[in-house]
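Subject: Structure for you to look at, with notes on the ligand site

Dear colleague,

I am passing on the structure we spoke about, together with my notes on it. Please read the notes with the model open beside them.

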Amino acid sequence: MQSSRIFIVGSGVVGAATGEGFLKAGHKVTFIDVAPARIAELAARGFDVRSEIDLSGEPESLLFLTLPTPNDGHRYDLSAFEAGTTAVGKALAGSATRHTVVVRSTVPPGTTEGLVENTLEKHSGMTAGEGFGLASNPEFLRAVSAAEDFAHPWMTVIASRDPQTVERLRDLLSPFGGELRTFDDPAQAEFIKAAHNIFNATKISFWNEMWLVAQKMGVDLDPIAATVARSAEGSINPQYGIRGGAPYGGVCLPKDTNGFLGFADTIGVDMPLLTAVVETNDRLAAIVSDEVDTASHAASHAQLRESAAHGAVTGGRQQHEPA
Ligand SMILES: NC(=O)c1ccc[n+]([C@@H]2O[C@H](COP(=O)([O-])OP(=O)(O)OC[C@H]3O[C@@H](n4cnc5c(N)ncnc54)[C@H](O)[C@@H]3O)[C@@H](O)[C@H]2O)c1
């Protein structure tokens, strides 16, 4: 395997695990950080760590942005992320070689081709895809097992407009194993990371809401949840909702969501998540119904109503109708 030149920009939990993983795989890694304590810590462990990026005289390299993206209330605070990206843009300006910038931080969808691309182009004087490569490669590791998760990922997601950049990252990351999926739109990779975390959070809140009902009834929820997890196929079967843009329909899901809400009410348990599930479905049903009405100007009203009644909707979208 060919050894790559790698810079880790932001050497905290994710940066350190990423850099150490690449070092163990035989690549040449330099860590960048702005916190003196972090720099001293990594230097004491024998790593090449610097406070500034300098690409002059460097061969073609990959620069991984593993900068912090904390919350500021209900928003991401991207100020440190932007500052680190600015430093990378300035470093690119001082190099005659084509480098590749890889966004590994968790960022709002659209950031790679928005904030990152604009900042790098502004400070480097180059164009993305020409003067430098640009990709999204979100990290899925857990802080408690960061090094182990990096070394043995269950999923690797790579996205770039430039097929050569995708292949460059595939060569670098595929030796670590796990499933590897590629996309041409960086926003898709960013969205995957966001939706992955939000789905997990929603799943936890869903079972906690159910736990409140079960606790009120004196029923042990854990074996119930474990059995539903095996029976509901919810994660993989498209019939059960892993394609977007269509409401659930049929008889059972509308009946049982509303029925359970009423049941919980009778035992005095509030179910805000289930209420939101029903509301979201009503909203989607209204959107689809509007589309049917709009399309009816172009086609026979009667035909469309009939197909909608059978679960078919415009644009090839169909209701989710599990048995
Ligand atoms: N921690 C996790 O488990 C985890 C898992 C997946 C993804 N992520 C995401 O990865 C990103 C990094 O998270 P983390 O947990 O490693 O954060 P962290 O706070 O541990 O590390 C960030 C590092 O970046 C440094 N830094 C700040 N500004 C800098 C700059 N301008 N230039 C260079 N370095 C700078 C900080 O000093 C710090 O050492 C975030 O977007 C986070 O959401 C985190």
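What follows covers the ligand, the pocket and the cavity, in that order.

Please keep in mind throughout that this is a predicted model, and that every value below is computed from it.

**The ligand and its contacts**

The ligand is surrounded by 23 residues, and the closest of these are V13, V14, D33, T69 and T106. Two of the polar contacts involve an oxygen atom of the ligand: a backbone N or O atom of V13 lies 3.0 Å from one, while an N or O atom in the side chain of D33 is 2.6 Å from one. A nitrogen atom of the ligand is also in contact, with a backbone N or O atom of G84 at 3.4 Å. Taken alone, the ligand exposes 830 Å², of which the protein buries 76%.

As for where the shell comes from, α1 (13-24) and α3 (79-93) are the elements that give two or more residues to it, and α3 provides the largest share, namely three residues. Sorted by class, the shell around the ligand consists of 10 nonpolar, eight polar and five charged residues.

**The pocket**

The space that the ligand takes up is the second largest pocket, whose volume is about 300 Å³. This pocket has a lining of 19 residues, with V13, V14, T66, L67 and T106 lying nearest its centre. V13, V14 and T106 therefore deserve a look in both lists, since they are named among the closest residues to the ligand and again among those nearest the pocket centre. The largest share of the pocket lining, three residues, comes from α1, whereas for the shell around the ligand the largest share comes from α3. By class, the lining of the pocket has six nonpolar, eight polar and five charged residues.

**The cavity**

The count of cavities of 30 Å³ or more comes to one, and about 40 Å³ of space lies in the largest cavity. Its lining is made up of V103, S105, T106, V107, S136, P138, E190 and K193, which divide into three nonpolar, three polar and two charged residues. T106, which lines this cavity, is also one of the residues closest to the ligand.

With best regards

Note on methods. Residues are numbered from 1 along each chain as its sequence is written. This is a predicted model: local features need pLDDT of at least 70, side-chain atom pairs count only at pLDDT 80 or more; totals for chains, interfaces and linings use all residues. Side-chain values use heavy atoms; hydrogens and water are left out. A residue is near a molecule or strand if one of its heavy atoms lies within 4 Å of it. A polar contact is a pair of N or O atoms within 3.5 Å; within protein, one must be able to donate a hydrogen and the other to accept it, and residues adjacent in sequence count only if both atoms are side-chain atoms. Accessible areas come from the Shrake-Rupley method with a 1.4 Å probe; for residues, only the protein chains shown count as cover. On a 1 Å grid over the protein atoms alone, a cavity is a set of points where a 1.4 Å probe fits but cannot get out, and a pocket is an open set with protein on both sides within 12 Å along at least five of seven lines; lining residues have an atom within 4 Å of a point. A molecule sits in a cavity or pocket if more than half of its atoms lie within 2 Å of its grid points. Helices (H or I, at least four residues) and strands (E, at least two) are DSSP runs, numbered from the N terminus. Ala, Val, Leu, Ile, Met, Phe, Trp, Tyr, Cys and Pro count as nonpolar, Asp, Glu, Lys and Arg as charged, and the others, Gly among them, as polar. Grid points are joined across faces, edges and corners, and a volume is the space filled by probe spheres set on the points.
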